Amino acid sequence: MLRWATLLERDPHQIIGLLSPSWACGDARGAMVDRLSAIDVAWNDVVLRVMGSAGRPRGDAKSFFGLSDAELDRIVAGSWRCPVRPAWQVAARISNVECPRLENRIVGSVVALLLVICAISYWIF
């Protein structure tokens with residue numbers, strides 16, 4: 001996964017097309033726009049293909065990187081409102097899926113801050 005993130009960080013301002021979420025049915029699971037997807041970037045890398053990347057379909061990427069549907073969606077899926085992202089954001093998504101410690105710290109800090117605000121407002125009022 002580190003190699004995948006590194007490939008995307010080589011051109012951080014490249015626009016990456018996002019895929020439909022895994023829960024979308026039928027042909028809607030394909031690319032949302034006609035742009036290179038993060039899976040295409042991984043597939044185009046010779047090193048990842050030599051390591052065993054089987055192909056471009058979601059299932060092949062999911063099994064090669066050892067991801068669940070939810071993890072793969074966090075990396076490559078978009079929405080109708082946001083069908084593309086810069087490569088650096090997709091690389092950050094990969095890093096957060098691979099090592100979620102920083103993301104968990106941020107969420108924990110926000111929750112703790114909300115609890116403190118609620119406690120203060122309860123004490124004041």
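Me: What makes the pairing of Arg 58 and Asp 73 a salt bridge?

Reply: In this predicted model, a side-chain nitrogen of Arg 58 and an oxygen of Asp 73 sit 2.5 Å apart. The cut-off is 4 Å between a Lys or Arg nitrogen and an Asp or Glu carboxyl oxygen, so the pair qualifies. Arg 58 belongs to helix H4 (residues 58-65) and Asp 73 to helix H5 (residues 69-76), 15 residues apart, so the pair links distant parts of the chain.

Me: How do you know whether Arg 58 and Asp 73 are buried or exposed?

Reply: Buried means under 20% relative accessible area. Arg 58 has 11% and Asp 73 has 14%, so both count as buried.

Me: Why is the contact of Asp 69 with Lys 62 called a salt bridge?

Reply: Same test: their N to O distance is 3.0 Å, and the rule asks for within 4 Å, so they pass. As for exposure, Asp 69 comes out at 38% and Lys 62 at 27%. Buried stops at 20% and exposed starts over 50%, so each of these is partly exposed.

Me: What makes Asp 45 and Arg 3 a link between distant parts of the chain?

Reply: They're 42 residues apart: Asp 45 is in the loop between helix H2 (38-44) and helix H3 (46-50), while Arg 3 is in helix H1 (residues 2-9). The side chains meet in a salt bridge at 2.7 Å, N to O. Asp 45 is at 9%, under the 20% limit, so it's buried. Arg 3, at 28%, falls in the partly exposed range. By the salt-bridge rule, the count comes to four.

Me: How do you know that the buried residues of H6 are on the same side?

Reply: The buried residues are Ala 87, Val 90, Ala 91, Arg 93, Ile 94 and Val 97. They cover an arc of only 155° around the axis, which puts them on the same side of H6. Those residues pack against H1, strand E1 (15-17), H2, H5 and strand E2 (84-86).

Me: What span would you expect for H6, and what does the model give?

Reply: H6 (residues 87-98) has twelve residues, with 16 Å expected at 1.5 Å a residue. From first C-alpha to last, H6 reaches 17 Å, close to that value.

Me: Why is Leu 102 called exposed?

Reply: Its relative accessible area is 54%, and exposed means over 50%, so it makes the cut. Leu 102 is in helix H7 (residues 101-124). Together with Ile 106, Val 110, Leu 113, Leu 114 and Ile 117, Leu 102 makes a nonpolar surface patch of about 580 Å².

Technical notes
Residues numbered from 1 in each chain as written. Predicted model: local features only at pLDDT ≥ 70, side-chain atom pairs only at ≥ 80, totals over all residues. Heavy atoms only, no water. Helix = DSSP H or I, 4+ residues; strand = E, 2+ residues; numbered from the N terminus. Buried < 20%, exposed > 50% of the residue type's maximum accessible area, 1.4 Å probe, protein only. Patch = residues over 30% accessible without salt bridge, like charges linked within 9 Å, V, L, I, M, F, W, Y side chains within 5 Å. Areas by Shrake-Rupley, 256 points an atom, 1.4 Å probe, with all protein chains shown as cover. Expected span 1.5 Å × (residues − 1). Arc of directions from axis to C-beta. Contact = heavy atoms within 4.5 Å.
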